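Hi,

Here is the structure I said I would pass on to you. Have a look at it first, and then read my notes below.

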Amino acid sequence: MYSIAIDGPAGAGKSTIAKAIAERIGFIYVDTGAMYRAIALYFLRKGIDGHDRERIAAECPNIHVSLAYDDEGRQQVILNGENVTGYIRKEEVGKMASVTSAVPEVREALLDLQRDMAKTSDVLMDGRDIGTNVLPDASLKIYLTASSEVRARRRYDELKEKGMDCDLAVIKEDIIARDKQDMEREIAPLCKAEDAVLIDSSDLSVPEVIDTVIAEFNKVK
């Protein structure tokens, strides 16, 4: 079995790139960030403070997250039997996920599931700690990044396209704050694995990044 780990900060384009590559090479795409967002959605719905570690840990046994795929092969995220794919991309869910994903019990709830997927299928996973923690023996590790300005602009354009009102400066501040939070958390912080290939997508198009990653994969096949 082959496995590809793509890590990087928020807004670097990991999910877009990972989905396209998985489709091209016939791998199962595992969006680990979506799984953490599903758990964050659970906490938001329960009105739980993201910094209340004791209550978050106590709730973890009540949460079951799994992945399913529709007839067109699109990944669906299932939270306690409910398809929550349409709810997890909201800004408040992302912010909550950045906080609660630092709780050890939250990470443990998903770690075995993610590793089991890699044992039975060729997988491509993207997240914050795939190459350093979830799949330390991945066939290929990629660290995908871009400047905070570029990532903020991409997010701004994405929200505007959806007709949402947003402020570029605020988005950039949020991205910088999330970077700091992800990189400084105690459990599995965001960092580049020593053997990961660094790709800065600031001046690259999506097709260029995809071709670069596939070229790197072909070296290890």
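What follows is a short tour of the chain, its sheets and its helix pairs.

First things first: this is a predicted model. The chain has nine helices and eight strands. Its C-alpha atoms fill a box of roughly 45 × 40 × 35 Å along the principal axes. For 221 residues, a compact globule would have a radius of gyration near 17 Å, and since the chain has 17 Å, the two agree.

Let's start with the sheet of five strands. This sheet is open, its order is S2-S6-S1-S7-S8, and its pairing is parallel. At the edges you'll find S2 (28-31) and S8 (197-200), each of which pairs on one side only. On average, neighbouring strands here are turned by 20 degrees against each other, if you ignore direction. If you want a spot to zoom in on, try S1 (residues 3-7) and S6 (residues 123-127): they run parallel and are joined by five bridges. Within that pair, Ile6 stands opposite Asp126 in S6.

Two helices are worth a look against this sheet. H2 packs on it and touches S2 and S6, with a direction that makes about 40 degrees with that of S2. H9 (residues 206-220) also packs on the sheet, touching S1, S7 (140-145) and S8. The direction of H9 makes about 160 degrees with that of S7.

Now for the other sheet. Three strands form this open sheet, in the order S3-S4-S5, and here the pairing is antiparallel. Its edge strands are S3 (65-69) and S5 (82-83), and each pairs on one side only. H2 (residues 32-46) turns up again: it packs on this sheet too, touching S3, S4 and S5, and its direction makes about 35 degrees with that of S4.

S3 is joined to S4 (residues 75-79) by five bridges, and the two run antiparallel. Going along the pair, Val65 stands opposite Leu79, and Leu67 stands opposite Val77. The two strands form a hairpin with five residues between them. Have a look at Gly73 in the turn, which has a positive phi of about 80 degrees.

That leaves the helix pairs. H2 packs with H5 (residues 104-120) at an angle of about 145 degrees, and their axes are 11 Å apart. This crossing is right-handed. On the H2 side, the contact involves Thr32, Met35, Tyr36, Ile39 and Phe43, which meet Val106, Arg107, Leu110, Leu113 and Gln114 in H5. By class, these residues divide into seven nonpolar, two polar and one charged.

The second pair is H4 (residues 91-100) with H8 (residues 168-184), whose axes come within 9 Å and cross at roughly 20 degrees. Angles under 35 degrees count as roughly parallel, and H4 and H8 are therefore roughly parallel to each other. Their crossing is left-handed. Gly94, Lys95, Ser98 and Val99 in H4 meet Asp174, Arg178, Gln181 and Asp182 in H8. This contact has one nonpolar, three polar and four charged residues.

If you'd like one place to begin, which sheet strands does H2 touch? They are S2 and S6 in the five-strand sheet, and S3, S4 and S5 in the three-strand one.

Cheers

How values were computed:
Residues numbered from 1 in each chain as written. Predicted model: local features only at pLDDT ≥ 70, side-chain atom pairs only at ≥ 80, totals over all residues. Heavy atoms only, no water. Pairing = 2+ DSSP bridges. Helix = DSSP H or I, 4+ residues; strand = E, 2+ residues; numbered from the N terminus. Contact = heavy atoms within 4.5 Å. Axes fitted to C-alpha atoms, helices over the stretch in contact; angles between N-to-C directions. Parallel < 35°, antiparallel > 145°, perpendicular 65-115°, else oblique. Left-handed = near helix turned anticlockwise from the far one by under 90°. Nonpolar A, V, L, I, M, F, W, Y, C, P; charged D, E, K, R; others polar. Rg over C-alpha atoms; globule rule 2.2 N^0.38 Å.
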